[in-house]
Amino acid sequence: MHSLVFQNGKELFLYYECASREVEPGQLFQGEAEILKEWPGGEQPRLWVPMMDIFHYQQPVSAEQWKRSHTTGTPYGRVAALKPEQVASYVYHHYQYQEERPGDGDKYGIIGLHENLLFFYSELPATVEPAPYAGKLTTNLRPENWGEVMDPHFRKWSEMGRIRPFGKSLGSS
């Protein structure tokens, strides 16, 4: 449905959406083995490592609900590293946020996690609309001073921040 590759130094981050069937990253690229290095770890050689969805402002409930109403949005991504001892706290706070306030930010905004590395995908202008479902929590414990609570979770990298799309969009439908 929608796909982009972002670059941060020598690292590439692939964001893509699939509606009707599972698609492996290698199906989107020809000649990937010639430009990518094998990612360490795992039982089998791999060029791509999936990130776990640990936060999203909304989740798709149907193709119609997830369809973009605009075509001029600008996708962006951010990379951050968590302090290893703060991973559980970060995931806890974000789960609480997504389930207490679904639809609170960009409909397409999502955070993925691999080890302690975070990748945040979003689009500008943000599509903010009520979620077509209720969250799983009825509490109201999300801290109002969100930035202050989140700041101690991160390792400081001088080159962190926005990353740019790599090449051209792979397309949308």
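Both Glu 17 and Arg 68 are buried, and in this predicted model the two residues form a salt bridge whose closest N and O atoms are 2.7 Å apart. The contact links distant parts of the chain, since Glu 17 belongs to strand 2 (residues 11–17) while Arg 68 sits in the loop between helix 2 (63–66) and strand 4, 51 residues apart. In total, the structure holds five salt bridges.

The loop that carries Arg 68 leads to strand 4. Strand 4 spans residues 74–81, and six of its eight residues are buried, so the strand is largely enclosed by the rest of the structure. Its partner is strand 6 (residues 117–124), which runs antiparallel to strand 4 and is joined to it by eight bridges. Within this pairing, Val 79 stands opposite Phe 119 of strand 6.

Further salt bridges involve the loops beyond these strands. Arg 101 forms a salt bridge with Glu 144, with 2.8 Å between the closest N and O atoms. Arg 101 lies in the loop between helix 3 (87–100) and strand 5 (110–114), and Glu 144 in the loop between strand 6 and helix 4 (146–150), so this contact ties together parts that are 43 residues apart in sequence. How exposed are the two partners? Buried residues have under 20% relative accessible area and exposed residues over 50%, with partly exposed in between. Arg 101, at 22% relative accessibility, therefore counts as partly exposed. Glu 144, at 63% relative accessibility, counts as exposed.

Another salt bridge joins Glu 129 to Lys 107, the closest N and O atoms being 2.9 Å apart. Glu 129 is placed in the loop between strand 6 and helix 4, and Lys 107 in the loop between helix 3 and strand 5, so the pair ties together parts that are 22 residues apart in sequence. By the cut-offs given above, Glu 129 counts as partly exposed because its relative accessibility is 28%. Lys 107, by contrast, is buried, with a relative accessible area of 2%.

Which residues are joined into one network by salt bridges that share partners? The network consists of Glu 17, Arg 68 and Glu 123. The description thus returns to the pair with which it began, Glu 17 and Arg 68, both of them buried.

Technical notes:
Residues numbered from 1 in each chain as written. Predicted model: local features only at pLDDT ≥ 70, side-chain atom pairs only at ≥ 80, totals over all residues. Heavy atoms only, no water. Buried < 20%, exposed > 50% of the residue type's maximum accessible area, 1.4 Å probe, protein only. Helix = DSSP H or I, 4+ residues; strand = E, 2+ residues; numbered from the N terminus. Pairing = 2+ DSSP bridges. Salt bridge = Lys/Arg side-chain N within 4 Å of Asp/Glu carboxyl O.
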